[in-house]
Every structure is written in C-alpha cells, then in structure tokens.
Amino acid sequence: MIVHQLRFKFREDATEEHKEAVLALMRRTASVESVSFGIVGRHLGDPSEGLTHAYCVGLADIDAVERYMHDPVHLAGDPQIIPHLDTLVIGPDASDDPDPELAGKLQALHERKLAEYPEWARLMGTIPQVRIA
C-alpha cells in the first residue's frame, strides 16, 4: 500500500462556495477506481503551519499510482482545484512496500507526468507556496 498525502490552505479570495467545490472535486478524485481508500477534510496538525485541509489516498501498488495519476477524473479536477490553493504541502507519503527503489520509481512517475502534461506542470507553478515534505 502506498499512502499519498496533501495538506493545503486556500487562497484568501476563495469563497466558501469555491472551497466546497474544491473539496467535492477532491472527494471525487479520491473515489476513482485505483484508490483503495481516501479522505478529504480538515487538517488536524499544528495550526501555526497555516494549513487548513488535507487529502489522503491509499493506493494498492505502483501500478495503481500510475492509473491514479492519469485517471481522467483526476486530470479533469486539477484545473478546477489548483487555482484556489495558496499553500500545498505534498507528503510525506508512506508505504509498506519493501522495495528499496520505490521512492525513485514514484519520482519517475511524477517526472513523466510533468513531461506528458506540460499544462499541468504550468498550473502547479501558479500555487504560491509548494513544499515537498
């Protein structure tokens, strides 16, 4: 199992309607075929970090991760989600897979996605604060 986590804060100009729409889109993404479990809701960590919400999905294996990354539902949601994010912390992810090369394989999948979808890469670049944990 590979657990992928995002923690985030909305932009100041995001209305309650925007926030609810984003969370609904994230819930839709968290329910695609490749996802074993998902949760979207409040971030319960240190309030001083300024993060307000979290997204977490469990994916059975690296093949499921690849399907998830390229799922049409996931790809369609991101352009509607990303413009409302001010801060995004990606990870830390976790896994019970003993493969010592897993982190590198996941990074390679991410790099291939960036190359295959340059518009997605550009859109990610519009988030004011992005950090890999």
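A contact here means heavy atoms within 4.5 Å.

**View 1. Contacts across the chain of this predicted model.** Take the contacts between residues at least 6 apart in sequence. Of these, 77% join residues at least 24 apart.

**View 2. The helices and strands of the chain.** The chain holds 5 helices and 6 strands. Read from the N terminus, the order is β-α-β-β-α-α-β-β-α-α-β. A strand thus opens the series, and a strand also ends the series.

**View 3. Overall dimensions of the chain.** Along the principal axes, the C-alpha atoms fill a box of roughly 40 × 30 × 25 Å. The radius of gyration is 14 Å. A compact globule of 133 residues would have a value near 14 Å, so the chain agrees with that expectation.

**View 4. Interior and surface of the chain.** Buried residues account for 40% of the 133 residues. The exposed area of the chain is about 7400 Å². Carbon and sulfur atoms supply 56% of that area.

**View 5. Charged side chains.** The chain carries 22 negative side chains and 13 positive ones. The centres of the two sets lie 4 Å apart.

**View 6. The aromatic pair.** The structure contains 1 aromatic pair. Its partners are F8 and F10. Their ring centres are 5.5 Å apart, and the planes meet at 85°. The pair is edge-to-face, because planes over 60 degrees apart count as such. F8 and F10 are both buried, with each under 20% relative accessible area.

Technical notes: Residues numbered from 1 in each chain as written. Predicted model: local features only at pLDDT ≥ 70, side-chain atom pairs only at ≥ 80, totals over all residues. Heavy atoms only, no water. Helix = DSSP H or I, 4+ residues; strand = E, 2+ residues; numbered from the N terminus. Rg over C-alpha atoms; globule rule 2.2 N^0.38 Å. Buried < 20%, exposed > 50% of the residue type's maximum accessible area, 1.4 Å probe, protein only. Areas by Shrake-Rupley, 256 points an atom, 1.4 Å probe, with all protein chains shown as cover. Lys, Arg positive; Asp, Glu negative; His and termini not counted. Charge placed at Lys NZ, Arg CZ, Asp CG, Glu CD. Phe/Tyr/Trp six-rings, centres within 6.5 Å; stacked < 30°, edge-to-face > 60°.
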